[in-house]
Structure formats: structure tokens, C-alpha cells
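Thanks, everyone. I'll take you through one structure, starting with single residues and ending with the whole chain. Please have the viewer open.

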Amino acid sequence: MFDIYKCEMLKLKNTKLYWAICLPAVIGNLVSIMVMLPKITTSGEVASANLQEIFYRQGNVLTILGPFMFALISGYIISREYSDRTINQLFTYPISRSSIFTAKLCVIFTMIFLTSALSSVTVIFLGIVKVLTGAASFNMLIDGIRMNILTCLLSFGTVPLAAAISMVGKSVIPSMVLGTFASLVTLFLEIGHGMGSILFPWTTPYLPVREFGEGFAEIGQNPYTMIAIIILVVIFLISLAFCQIYYRKSEVHSGS
């Protein structure tokens with residue numbers, strides 16, 4: 001399995017897919033820097049954002065751009081053999097199709113993890129500085145890192161659906177359309193700060209961000225948490241099962 005995963009990673013070496021990682025990472029880090037800049041209050045005093053707000057804003061960026069970028073990554077990796085007309089050769093290899101698809105899925109997860117990690121570099125660095133200077137607590141830094149990890153894990157939930165759409169459409173375009181729609185809906189839902197916003201599967205990763213940013217959104221335990229998680233898990237499992245079945249039963253000449 002690792003050899004297949006390695007081969008899939010090598011396929012991306014000379015592609016422009018890494019821009020899909022760099023864009024949210026750059027924007028996330030720029031937002032962290034901008035939030036950190038001193039502001040002048042109405043009373044004329046200089047105030048700077050605390051670590052909680054910086055993590056919260058960085059999380060907002062990741063959860064808003066994530067649906068589009070992650071759908072783009074998923075669609076590209078899954079559909080590339082179809083667009084390059086190499087799917088025939090791939091299906092004739094003496095390797096199970098389930099293993100090939102699983103390796104591709106692991107590559108997608110790796111890309112999402114890298115995107116999440118790179119987007120939080122600045123805020124984690126600022127957090128370490130604030131902790132060392134006594135301007136923030138160590139627990140706040142750990143909670144911020146935990147928020148990013150949970151957001152990343154929840155983002156995996158809709159990946160198989162984007163993969164299924166690109167697999168059936170044999171193109172990256174359907175997943176891009178899906179990702180664009182999901183990001184726009186997520187943007188409007190996050191602006192509203194409502195507790196029910198997490199019920200939309202692509203906004204579920206906003207759950208740990210929302211809970212971390214207590215004071216910036218509605219305060220209190222979210223009654224929709226369990227329902228949102230169940231919806232995301234069901235979508236993940238059903239779309240994953242569909243992908244595996246579709247991939248195994250695809251004709252050798254499909255995409256040629």
C-alpha cells in the first residue's frame with residue numbers, strides 16, 4: 001500500500017496542484033498577521049488582538065476556503081487518469097482497484113493535512129511568542145492547535161463525495177462546482193454565526209472553530225453537534241462505499 005501511495009504522490013510532483021495548498025495557507029497566515037496588527041480604539045488607545053481571536057480568524061479562513069480547495073484537490077487526484085487517458089493502463093495493473101483508490105484517498109488526506117498545517121504556521125508562531133512573553137496562556141495555544149487538528153479531521157468527511165462526483169463525471173469540473181457552492185454556503189452560514197450552521201456538511205468543520213471562538217459567536221453548548229457529526233459520518237461512509245464499488249466495477253475501457 002505504501003508503494004502505491006508513494007507513486008500517487010510522485011504523480012503530483014510536477015503539477016500545479018500544490019497551488020491549491022499554498023493559496024489557503026498564504027491567506028490564513030496573512031489574516032493572522034493582519035489581525036495581530038495594533039488597532040486604535042474609539043477612545044484613542046492602542047489595542048492588539050488576543051491569541052484567541054487570531055486562532056479564530058485563521059480558522060474562519062480555513063473553513064471557508066476549505067470546501068472549494070479540498071474538492072478541487074479530490075477531483076484532480078481522482079479524475080486525472082480519465083483526463084490524461086491513462087485509466088486503461090491503471091486498471092490493467094496487477095494491483096487491486098480498492099488499493100489504488102485507498103492510496104489516492106490517503107494522498108488527498110495528506111494534502112488536506114498539509115493545507116491545515118501550513119495555514120496555522122503564523123498563528124502558532126505568534127502563540128509561542130505570546131506564551132513566552134506572558135501575553136497568553138499555554139492552554140490557549142494548545143486549544144488553538146487542537147482546534148486546527150479537529151477542523152482538519154472533520155474536513156475529511158466530504159472528500160469521498162467530491163471524489164465520487166469527479167469519478168462519475170470523469171473530470172475535475174463537477175467537484176469544482178460542488179466546492180464553489182459549498183464554500184459560498186459556508187461563508188454565508190459562518191457570517192450568521194448560528195448554531196445550526198454546522199448541519200451543512202461542509203460547515204461542520206466550523207464546529208471546533210466556533211466553540212474555540214466563544215464570545216465571537218453564540219455562547220453555549222451547540223444542540224446540533226451530534227446530529228451534524230452523524231450527518232457527516234453517513235455522507236462519508238455512503239460516498240466512500242459508492243466510490244469503492246464504482247471503481248471496482250468500472251470497465252477497463254472507461255475514459256479512453
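Start with Thr 122. Buried or exposed? Thr 122 is buried, because its relative accessible area is 16% and the cut-off for buried is under 20%. Find Thr 122 in helix α6, which covers residues 121–132. Leave out residues up to four places away in sequence, and Thr 122 touches Asn 29, Ser 32 and Ile 33.

One word of caution before we go on. This is a predicted model. The chain averages a pLDDT of 85. Of its residues, 90% score at least 70. Where is confidence lowest, and where is it highest? The low point is strand β2, residues 46–47, with a mean of 54. The high point is helix α7, residues 138–155, at 94. Where pLDDT is low, the predicted coordinates should not be read in detail.

Next, Thr 186. Thr 186 is in helix α9. Its relative accessible area is 0%, so Thr 186 is buried. What does Thr 186 touch, leaving aside neighbours within four places in sequence? The list is Thr 63, Ile 64, Pro 67, Phe 200, Trp 202 and Thr 203.

Keep Thr 63 in view, and turn to Pro 205. Pro 205 is in the loop between α9, residues 173–192, and α10, residues 206–212. Pro 205 has a relative accessible area of 5%, so it is buried. Along the chain, Pro 205 and Thr 63 are 142 residues apart. In space, their C-alpha atoms are separated by 6.4 Å. The two residues also touch. Pro 205 has contacts with Thr 151, Leu 154 and Ser 155 as well, again not counting residues up to four places away.

Now go to Ser 74. Its place is in helix α3, residues 51–83. Relative accessibility is 0%, so Ser 74 counts as buried. Beyond four places in sequence, Ser 74 touches Ile 108, Val 159, Ala 162, Ala 163 and Ser 166. How far is Ser 74 from Gly 192, C-alpha to C-alpha? The answer is 28 Å, with their positions 118 residues apart in sequence.

On to a loop residue, Thr 15. Thr 15 lies between α1, residues 2–11, and α2, residues 18–36. At 14% relative accessibility, Thr 15 counts as buried. Setting aside neighbours within four places, Thr 15 is in contact with Tyr 76 and Arg 80.

Two residues with some exposure come next. Take Lys 170 in the loop between α8, residues 159–169, and α9. Lys 170 counts as partly exposed, because its relative accessibility is 29%. Look at its backbone too. Most residues other than glycine have a negative phi. Lys 170 has a positive phi of about 55°, although it is not a glycine.

The other one is Ile 227. Ile 227 is in helix α11, residues 225–249. Its relative accessibility is 44%, so Ile 227 counts as partly exposed. Ile 227 and Phe 212 are 15 residues apart along the chain. Their C-alpha atoms are separated by 19 Å.

Zoom out to the whole chain. How many helices and strands does the chain have? There are eleven helices and two strands. In sequence order, the pattern is α-α-β-β-α-α-α-α-α-α-α-α-α.

What about overall dimensions? Along its principal axes, the C-alpha trace spans about 70 × 40 × 25 Å. The radius of gyration is 20 Å. A compact globule with 256 residues would have one near 18 Å, so the chain agrees with that.

Contacts next. Take those between residues at least 6 apart in sequence. Of these, 80% join residues at least 24 apart. Pro 205 and Thr 63 are one pair in contact, at 142 residues apart along the chain.

Last, burial, surface and charge. Of the 256 residues, 46% count as buried. The accessible surface comes to about 12600 Å². Carbon and sulfur atoms account for 71% of that surface. As for charge, the chain has 16 positive and 12 negative side chains. The centres of the two sets lie 11 Å apart.

To recap the buried residues on the tour: Thr 122 is at 16%, Thr 186 at 0%, Pro 205 at 5%, Ser 74 at 0% and Thr 15 at 14%. That's my tour. Thank you.

How values were computed:
Residues are numbered from 1 along each chain as its sequence is written. Side-chain values use heavy atoms; hydrogens and water are left out. Helices (H or I, at least four residues) and strands (E, at least two) are DSSP runs, numbered from the N terminus. The radius of gyration is taken over C-alpha atoms; the globule rule is 2.2 Å times the number of residues to the power 0.38. Buried means under 20% relative accessible area, exposed over 50%, partly exposed in between (1.4 Å probe, protein chains only). Contact means heavy atoms within 4.5 Å. Accessible areas come from the Shrake-Rupley method with a 1.4 Å probe; for residues, only the protein chains shown count as cover. Lys and Arg count as positive and Asp and Glu as negative; His and the chain ends are not counted. The place of a charge is taken as NZ of Lys, CZ of Arg, CG of Asp or CD of Glu. pLDDT is the predictor's confidence in each residue, from 0 to 100.
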